[in-house]
Amino acid sequence: MLRNLLKKYDTTDLVMYLIGAVLAALVIYGSYQTLSSGKYSGEVWLDFIIFGLAQGSIYALIALGYTLVYGILFMINFAHGEVFMSGTFTAYFLAIYLDSTGFWNQHPIISILLALVVAVAVSTTIAVVLERIAYRPLRGAPRLVPLITAIGASFFLQYTFRGLYGSGVKTYPDVDALKGSWNIFGIEILKTQAVVIVASVILMVALRFYVQKTKAGRAMRAVAEDKEAAALMGIDVDRVIVNTFALGGASAAAAGIMYALIFKQVNAFMGFIPGIKAFTAAVLGGIGNLPGAMLGGLFLGVVESLGPSLVLDGLGIPAPYQLKDAIAFLMLVLVLIFRPSGIMGENLSEKKA
Amino acid sequence: MKNIKWITFALVVMLALVLAACGGAKEEATPAPAATEAPAAAATEAPAATEAPSQPAEEMACDDPLGCISVAAGDPIRIGYALVVSGPNETLGVDSRRGIEIAIDDKGEVLGHPIELVGEDALCSAEGGQAAATKLASDPTLIGVIGTNCSSAGEPASAILSDAGTVLVSPSNTAPSLTDPETHQAGYLRTAHNDKVQGKAVAEYAYNELGARTAATIHDGSPYAEQLQQVFADVFTELGGEIVAQEAVNAGDTDMRPVLTSIAVHKPDFLYYPIFIAEGGFITAQAKEVSGLEDTILAGSDGMISPDFVAAAGDAAEGMYISGPNLAFESELGKHFLEAHQAKYGEDPLSAFHAHAYDGANMLFAAVEKVAVQDADGNIYIGRQALRDALFATAGMEGITGTITCDEYGDCADPQIVINQIQNGEYVPVWPK
């Protein structure tokens, strides 16, 4: 019996499952301790979840860019965080201009849309130019080469923006119309967060529709499936790839404007951490899979917001919020032990793996 | 043909970015990047020119245990700075650097030698402090270094420069550990107050003046914030108050609502987060949105004294308390300094530690004048140990920040802590009355 079991799973697998079981037990024990102590009320838990969802929808929108590009090129575009930063940073100048004329608060919806248009234009342009000059020439090269190029491009963009706009922190003007909170079904929810959550859901649904239902989306999926065959069927592969980068850039820019609404501060290095987190979210959800990226982003956001209070508080660890990244990555490890291809990932084929 | 299209496109985008940058600088009304970049560039280029100081013909006998610094006749005396001159906290460092620059202008020359300032960006981190100190330590012509701003950078920098036989005079490190007998480095002094004084002042103000009975703190893991909030917590408890939570965040965190929500459960009267500009801005802006913290009094410390902080926190900063050194200089010297600052940079000081940097630089010049040996040709020799002893022996020196007297562990400040309240975007002193 035992021998059969050992045959079925090799030792590494067993050790991994063991680690997973221990971590899972810790998580469950910590949560039980916190919940039974009654320190936080139901409302507080709800607040944690809403904050997490708002942060998570930003991660999700950025993660879409990682996952789209990975799905088609099997490369990780590490400069994506900077694509996110560039649009937001540039739109800041429009925002303060509009604020100085008073337009920003007279017509908040138009202003935010204008900022969004500028951010999308800049981010999309940068994403597409990046593809053209940094990645396309390396299309046939070994996988590691474009990865390193992407890291280089990321630094290039960070320091270009730092050089152009200085290294200080810039602050978006407040949107008076979005101050305070709404009471939705008895739940107090901050206006900015409500807007961010709703807008990202709409954007994600629209993106899903685009990929699943339109002709361009079908071409994208065909290229993701098999580049050569798609080319033989008359699909312009280069164009589809440019399209993909543009789409990723646009969703990153949208994420950037949401980020600006919630957090206000922008600087040249703001893209790095959200970029890493969004990449994690994409892996968590199953990289290459669109709904997976959305789910992964939301999951990561909620874990970061909820985890320290829920798990670490119960384990008696002081100042748990300093460890929110640890708890987020612990969840990543747990998910990957039990589902190596992510929450929604299919088993990777030979080619993709 | 296709290529040309692409290149034109890329060029247009780059041009747009450059134009936006120029526009942006104007919008801000503080031409800080342009104005501050220039001296840094000049300062870093300068060493190349003076790389090979003409060695005096005859070396004078140097019997100092740590060796001597020799300056040939006509060569400048060189001092270094290791400050945070980039990133979110750049105003802290630029402010201190301006203090040193004015001190140099006022001093003119030391023993007939002009003074030259060179510097490194020490950032606000241990890595930054280590890198800056290592570079400065490799320059044997420096008589001393003014820096660092952040205590996190000061910890490695004080060790590296002390080992190299140089002195480090900090205008703004306030963490108690730096001058603690257990951990003090031989070449380290500071003109900034020790946070044992500042933490106590904040706790007393909160308990006695504001009537707070419960308090929570947040730090960011930096030695400055962690030690300062601990001093506060200890004194507040001694006074009879209760510390309901001591939380921590990471530098670089943006979403503070969860941590604030977990603090809000205790409904503290007073929330003290002596951290830095970016994270402090996030906490201030988000605290008002968390239910349970509406009536909590917010307070920070000198790491957040900067117009950048007020901009980052927005309207939420209105009414919050920020402790820091007393900047209402009564003395003639202080008034002269503010005038010189206005004349040289066209604006008021940016942050809290310009005067401390000015005093630190003058302390260094005074010590050099005391110990330097001059030969007939005008060459001077400065014993490193003698210089160090002279600095630690500084007593009764009248500076802008008060009467400066160093103790054996390098605490030189005449600490005068005030509590400011942010009113209409300005830091207005409200205590002591």
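**Exercise 1. The two sides of a helix**

Which exposed residues does the face of α9(A) turned away from its buried side carry? Work from the predicted model, and then describe the buried side of α9(A) and what it packs against.

*Solution.* Step one is to read off the outward face, where Lys215(A), Arg218(A) and Glu225(A) are exposed.

Step two turns to the buried residues of this helix, which spans residues 215–225 of chain A and buries Gly217(A), Ala219(A), Met220(A), Val223(A) and Ala224(A). These buried residues lie on the same side of α9(A) because they cover an arc of only 155° around the axis.

Step three identifies the neighbours: the buried residues of α9(A) pack against α3 (42–73), α8 (191–213), α10 (227–232) and α11 (237–263) of chain A.

Step four looks at the start of α9(A), where a side-chain oxygen of Thr214(A) comes to within 3.1 Å of the backbone nitrogen of Gly217(A), a residue that is itself among the buried ones of the helix.

**Exercise 2. The interface between the chains**

Describe the contact between chain B and chain A by extent, by elements and by residue character.

*Solution.* Begin with extent: 44 residues of chain B are in contact with 41 residues of chain A, and about 3,700 Å² is buried between the two chains, with carbon and sulfur atoms giving 60% of that area.

Next, count the specific interactions, which comprise two salt bridges between the chains and eight residue pairs in polar contact, both residues being at pLDDT 80 or more. On the side of chain B that touches chain A, the elements giving two or more residues are α1 (2–28), β9 (242–248), α8 (257–264), α9 (277–287) and α10 (307–313) of chain B. Of these, α1(B) supplies the largest share, with eleven residues. By character, the residues on this side of chain B divide into 18 nonpolar, 15 polar and eleven charged.

**Exercise 3. A salt bridge across the interface**

Locate the partners of the salt bridge between Lys179(A) and Asp315(B), and state how accessible each of them is.

*Solution.* First, the distance: the closest N and O atoms of Asp315(B) and Lys179(A) are 3.1 Å apart.

The positions follow, with Lys179(A) in the loop between β1 (170–171) and β2 (181–184) of chain A, and Asp315(B) in the loop between α10 and β12 (321–325) of chain B.

For accessibility, Lys179(A) is partly exposed at a relative accessible area of 37%, whereas Asp315(B), at 53%, counts as exposed because the cut-off for that class is over 50%.

**Exercise 4. Salt bridges within chain B**

Compare the setting of the pair Asp139(B) and Arg78(B) with that of the pair Arg257(B) and Glu289(B).

*Solution.* Start with the side chains of Asp139(B) and Arg78(B), which meet at 2.8 Å, N to O. This pair links distant parts of the chain, with Asp139(B) in the loop between α4 (126–137) and β5 (142–147) and Arg78(B) in strand β2 (residues 77–83), 61 residues apart. Arg78(B) is buried, with a relative accessible area of 6%.

Then take Arg257(B) and Glu289(B), whose side chains meet in a salt bridge of 2.8 Å, N to O. Arg257(B) lies in helix α8 of chain B and Glu289(B) in the loop between α9 and β11 (297–300), so this pair ties together parts that are 32 residues apart in sequence. Arg257(B) is buried at 1% relative accessible area, while Glu289(B) is partly exposed at 27%.

Terms used
Residues numbered from 1 in each chain as written. Chains lettered and ligands numbered in written order. Predicted model: local features only at pLDDT ≥ 70, side-chain atom pairs only at ≥ 80, totals over all residues. Heavy atoms only, no water. Contact = heavy atoms within 4.5 Å. Buried area = accessible area lost by both parts, 1.4 Å probe. Salt bridge = Lys/Arg side-chain N within 4 Å of Asp/Glu carboxyl O. Polar contact = N/O pair within 3.5 Å; in protein donor to acceptor, adjacent residues only side chain to side chain. Helix = DSSP H or I, 4+ residues; strand = E, 2+ residues; numbered from the N terminus. Nonpolar A, V, L, I, M, F, W, Y, C, P; charged D, E, K, R; others polar. Buried < 20%, exposed > 50% of the residue type's maximum accessible area, 1.4 Å probe, protein only. Arc of directions from axis to C-beta.
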